[in-house]
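The exercises below ask you to read a structure one step at a time. Study the sequence and the fold as they are shown, try each task yourself, and only then turn to its solution.

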Amino acid sequence: MQALSRAYSSDLAWSFRHSWTARISTLLLAVLFLAALLAPLLATQNPYDISQLFLLDSELPPAWAEGGDPRYFLGTDEQARDVYSSILYGLRLSLIVGFASVALAGAIGISLGLLGGFMGGMVDGAIMRVADILLSFPAILVALLVNGIARGILPPDRHADAAIWVLILAIGLTNWVQYARTVRGSTMVERQKEYVQAARINGVSGMGIMVQHILPNVLGPVLVIATINLGMAVLTEATLSFLGVGMPTTQPSLGTLIRIGNEYLFSGIWWVVIFPSIVLVVLVLAVNLLGDWLRDALNPRLR
Amino acid sequence: MLGFLVRRVIQSVFVMLAVALIAFLMFRFMGDPVNSMVAENASTEERAAVRERLGLDQPLWLQYGRFVARAAQGDFGLSWRNARPVSTLLAERFPATAELVLVAAVLSLVLGIPLGILTALRPRSFPAQSLQLISLIGISLPTFVTGILLILVFSVWLGWLPSFGRGDVVDIGWWSTGFFTLAGLKALILPSIMLCLFQLTLIMRLVRAEMLEVLRTDYIKFARARGLSNRSIHFRHALKNTLIPVITIFGLQLGGLIAFAIVTETVFQWPGMGALFIQAVSFGDVPVMAAYLVLVSLIFVIINTTVDLLYAVLDPRLRVDGARGAH
């Protein structure tokens with residue numbers, strides 16, 4: 001109870017209560033996360049299950065348009081898949097890839113940043129050179145390249161099963177640089193402090209100092225980076241899937257759904273492409289707004 | 001200044017060698033090059049002969065050296081997919097991408113700078129406020145969604161503009177251009193708008209922020225005290241200092257334009273290098289991927305180095321610091 005009231009009166013909570021963008025984006029994200037989590041319950045059909053698709057119901061417009069069917073609220077695509085249900089399942093995949101790649105990027109970036117900042121010298125130089133080179137290339141290009149290499153190594157018949165892992169790897173390997181730079185900076189500051197010297201005198205190993213003592217003190221800004229990173233990761237996944245090198249059509253993410261819809265744009269079937277696009281834009285916009293707010297709210301210089 | 005220049009160039013060479021190493025490792029370890037060279041039922045001796053002819057029995061560093069030497073001459077071997085020389089494939093498709101990126105880059109500057117100035121000088125006016133809001137949406141909208149919306153509105157519903165291809169092109173030597181035919185120019189409109197939109201919003205927001213910053217400085221106040229006209233203050237004094245960071249960001253973003261041309265080319269079925277690269281990625285066509293990577297990296301490195309040098313030339317403050325090595 002006391003912890004609750006303390007959390008309520010904290011700076012962050014105050015800033016949250018006074019920022020309408022923060023509240024709206026949190027609300028939107030909560031709705032989207034819940035929708036993704038409860039997708040099997042909320043969906044009216046399982047778009048992966050062919051036995052639930054009735055070809056007679058294909059290419060139906062949304063329920064409110066002329067010729068719409070109330071069973072398919074947002075209409076159906078050319079394979080009679082319910083657009084609303086596919087969006088729920090697609091959102092789920094997009095978020096899984098997003099969160100997993102943020103976790104991977106964070107793990108790589110934090111470890112390398114901690115190592116570089118603590119060790120200094122050659123190790124630090126090598127890590128930072130790699131980071132510099134990676135940073136001078138657009139993220140989408142690096143992700144495409146990792147993706148292409150993974151596809152070249154895997155046999156073609158495994159591409160569809162492995163797609164989700166390849167995506168997580170490609171996006172995670174692309175985005176670790178920012179974490180590494182930030183963590184390295186704060187580690188170099190923390191390393192000089194007395195508590196680290198005290199730990200050294202007590203005979204704690206370098207590894208122990210890094211993980212037990214410095215790590216908890218450098219994690220603050222990581223939260224902000226992770227939030228902004230989630231928006232980018234979701235966007236990168238959608239772009240890769242749209243380009244046809246991401247999630248396969250049998251397991252569509254939001255990007256794949258937009259790709260499928262794009263192919264039928266000229267037959268006037270706009271709903272298959274527009275609704276997944278709207279969900280994607282709302283998701284990315286909400287994450288970005290929340291990230292912007294968090295960055296400002298946690299930045300002491302802006303108070 | 002000279003030391004800075006030399007260091008910058010050495011750094012670029014190292015980046016290119018690193019990129020070439022990645023490309024080389026892709027060649028060497030993704031799939032067996034021998035398999036793509038010999039017939040399916042080749043004997044072990046034939047394979048060994050090919051292996052020797054390709055120099056695959058030599059130490060790795062020697063192979064890498066030869067790879068770099070060949071890459072420097074533009075030789076990346078044959079595409080695994082259609083067995084044509086990779087350099088020819090890229091050369092055929094280079095003009096399409098170059099024209100698209102050029103038009104998008106010019107558009108983003110020509111529109112972005114004036115709009116940025118407008119929003120900075122009249123921040124409370126209605127156009128400025130709405131531009132700020134639109135730019136926020138422009139930054140959050142995925143590029144391919146923008147492209148699809150453009151096609152839906154201008155091609156499907158209104159039927160004004162073509163939604164795929166380059167229209168009619170004219171060949172000038174090996175360069176094919178869409179600049180001299182009406183159909184070619186019309187085909188350029190939607191893809192270049194899609195490609196430049198993100199860039200445009202970025203430049204607009206940057207110019208606005210820089211301009212607001214510069215207008216608060218003392219030398220502007222002094223210029224006002226001297227009784228100079230608003231026009232002279234804004235466009236002769238303030239604008240010069242505003243544009244220096246814009247050059248850096250623009251240079252860096254030019255690389256982004258080339259990368260995002262991949263997406264634009266896919267949406268509009270534009271026959272450029274990016275579309276070729278995407279095909280190579282989905283088929284695991286290593287020679288094309290490697291060549292694209294090296295070529296695009298070379299362009300990036302040249303742009304980045306030029307921007308850094310240009311920066312030193314344009315900003316007198318950096319020239320004084322130059323002896324200590326500007327960043």
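**Exercise 1.** In this predicted model, determine which residues of H11(B) are buried.

*Solution.* Taking buried to mean under 20% relative accessible area, work along the helix, and you should list Met273(B), Gly274(B), Ala275(B), Leu276(B), Phe277(B), Ile278(B), Ala280(B) and Val281(B). Eight of the eleven residues of H11(B) are thus on the list, and the helix is mostly covered. Next, look for what covers them: the buried residues of H11(B) pack against helix H7 (139-153) of chain A, and also against helix H5 (86-121), H10 and H12 of chain B. Finally, step just past the end of H11(B), where Gly284(B) takes a positive phi of about 65 degrees.

**Exercise 2.** Describe the interface between chain B and chain A, starting with how many residues of each chain are in contact.

*Solution.* Begin with the count, which gives 38 residues of chain B in contact with 32 residues of chain A. Then turn to the area buried between the two chains, which is about 3,100 Å², with carbon and sulfur atoms giving 86% of it. On the chain B side, Ser140(B), Phe144(B) and Ile148(B) lose the most area to chain A, together 18% of what that side buries.

**Exercise 3.** Find which kinds of residue make up the side of chain B that touches chain A.

*Solution.* Sorting the residues of this side gives 28 nonpolar, ten polar and no charged. As a further step, count the salt bridges between chain B and chain A, and the result is zero.

Terms used:
Residues are numbered from 1 along each chain as its sequence is written. Chains are lettered from A and ligands numbered from 1 in the order in which they are written. This is a predicted model: local features need pLDDT of at least 70, side-chain atom pairs count only at pLDDT 80 or more; totals for chains, interfaces and linings use all residues. Side-chain values use heavy atoms; hydrogens and water are left out. Contact means heavy atoms within 4.5 Å. Buried area is the accessible area (1.4 Å probe) that two parts lose on being put together, summed over both. A salt bridge is a side-chain nitrogen of Lys or Arg within 4 Å of a carboxyl oxygen of Asp or Glu. Ala, Val, Leu, Ile, Met, Phe, Trp, Tyr, Cys and Pro count as nonpolar, Asp, Glu, Lys and Arg as charged, and the others, Gly among them, as polar. Buried means under 20% relative accessible area, exposed over 50%, partly exposed in between (1.4 Å probe, protein chains only). Helices (H or I, at least four residues) and strands (E, at least two) are DSSP runs, numbered from the N terminus.
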